Amino acid sequence: MATIRKEILVRASPDIVWNAVRDVGAVHRRLCPGVLVDCRLEGDARIVTFANGLVARELIVDVDDEARRFSWAAGGGRLTHHNASMQVFADGSGGTRLVWIADLLPDTVASDIRALMDLGSAALKKTLEAADAARASA
């Protein structure tokens with residue numbers, strides 16, 4: 001099983017970051033605009049559409065406000081297994097350390113998933129920092 005781990009330092013408060021992460025139906029607007037172009041909730045899942053046309057059904061496993069952790073699972077297509085989580089931590093300087101972990105099978109899709117996570121990491125950092133800056137200047 002392949003594991004991909006991203007630690008993203010975000011110049012935004014943990015409250016701002018967690019508020020966006022926990023808004024699971026707005027991931028295409030609040031976290032990864034440009035990488036994700038649509039998201040809709042469907043029961044206990046969300047259907048996300050990537051800019052490259054890929055559509056994925058992600059089962060919402062847990063939204064834990066106390067731990068500031070969101071976890072989800074996906075399958076289908078080339079994936080036989082995929083579970084992931086995002087967890088928000090204060091970085092000690094007023095910013096955030098966001099930890100994003102994905103476990104997946106088969107291992108052969110890891111490079112493609114890593115590339116999507118790289119794009120998503122860059123988009124969420126930019127989006128969250130802009131949202132925090134706009135809030136601070138308001």
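Good morning. I shall begin with P14, which is buried, with a relative accessible area of 11%. Please bear in mind throughout that what we are looking at is a predicted model. P14 belongs to helix α1. Leaving aside residues up to four places away in sequence, P14 touches R68, V88, F89, A90, G94, G95 and T96. By contrast with those contacts, L54 stands 30 Å from P14, C-alpha to C-alpha, at a separation of 40 residues in sequence.

Let me turn to the nonpolar core. The largest one holds 37 residues, and the members that touch the most other members are V21, L31, L98, W100, L104 and L124. Which elements each supply at least two residues of this core? They are β1 (2-10), α1 (14-21), β2 (36-42), β3 (45-50), β5 (69-76), β6 (79-90), β7 (96-105) and α3. Of these, α3 gives the most, with 7 residues. As for V21, its contacts, again setting aside residues up to four places away in sequence, are L31, F70, M86, V88 and L98.

Helix α3 deserves a closer look. It covers residues 110-137. With 28 residues at 1.5 Å a residue, α3 should span 40 Å, and because its end C-alpha atoms lie 40 Å apart, the model agrees with that expectation. The buried residues of α3 are A110, I113, L116, M117, G120, S121, A123, L124, T127, L128, E129 and D132. As a general point, an α-helix has 3.6 residues a turn, so residues three or four places apart point the same way. The buried residues of α3 pack against β1, α1, α2 (27-30), β3, β6 and β7.

One charged residue in that list is worth a pause: is E129 buried or exposed? E129 has a relative accessible area of 14%, and because the cut-off for buried is under 20%, it counts as buried. Its side chain makes a polar contact of 2.8 Å with the side chain of K125. Beyond four places in sequence, E129 touches L9, V10 and R11.

Now to the strands. β5 and β6 run antiparallel and are joined by 7 bridges. Within this pairing, A74 has H82 in β6 as its bridge partner. The two strands form a hairpin with 2 residues between them, and G77 there takes a positive phi near 60 degrees.

β6 also pairs with β7, in the antiparallel sense, over 10 bridges. Here the bridge partner of H81 is L105 in β7. This second hairpin has 5 residues between its strands, and G92 in the turn has a positive phi of about 90 degrees. For strands in general, when regular, the side chains alternate between the two faces of the sheet.

Finally, the cysteines. How many disulfides are there? The count comes to 0. C32 is in no disulfide, and the nearest cysteine sulfur, that of C39, is 11 Å away. Why is there no bond from C39 to C32? The sulfur of C32 is the closest cysteine sulfur to that of C39, and at 11 Å it is too far for a bond. Both residues are nevertheless shielded: C32 counts as buried at 5% relative accessibility, and C39 counts as buried at 8%.

To close, I would ask you to keep two items in view: the 37-residue core, to which α3 gives the most, and the antiparallel pairing of β6 with both β5 and β7. Thank you.

How values were computed. Residues numbered from 1 in each chain as written. Predicted model: local features only at pLDDT ≥ 70, side-chain atom pairs only at ≥ 80, totals over all residues. Heavy atoms only, no water. Helix = DSSP H or I, 4+ residues; strand = E, 2+ residues; numbered from the N terminus. Buried < 20%, exposed > 50% of the residue type's maximum accessible area, 1.4 Å probe, protein only. Polar contact = N/O pair within 3.5 Å; in protein donor to acceptor, adjacent residues only side chain to side chain. Contact = heavy atoms within 4.5 Å. Disulfide = S-S within 2.5 Å. Core = buried A, V, L, I, M, F, W, Y, C linked by side-chain atoms within 4.5 Å. Expected span 1.5 Å × (residues − 1). Pairing = 2+ DSSP bridges.
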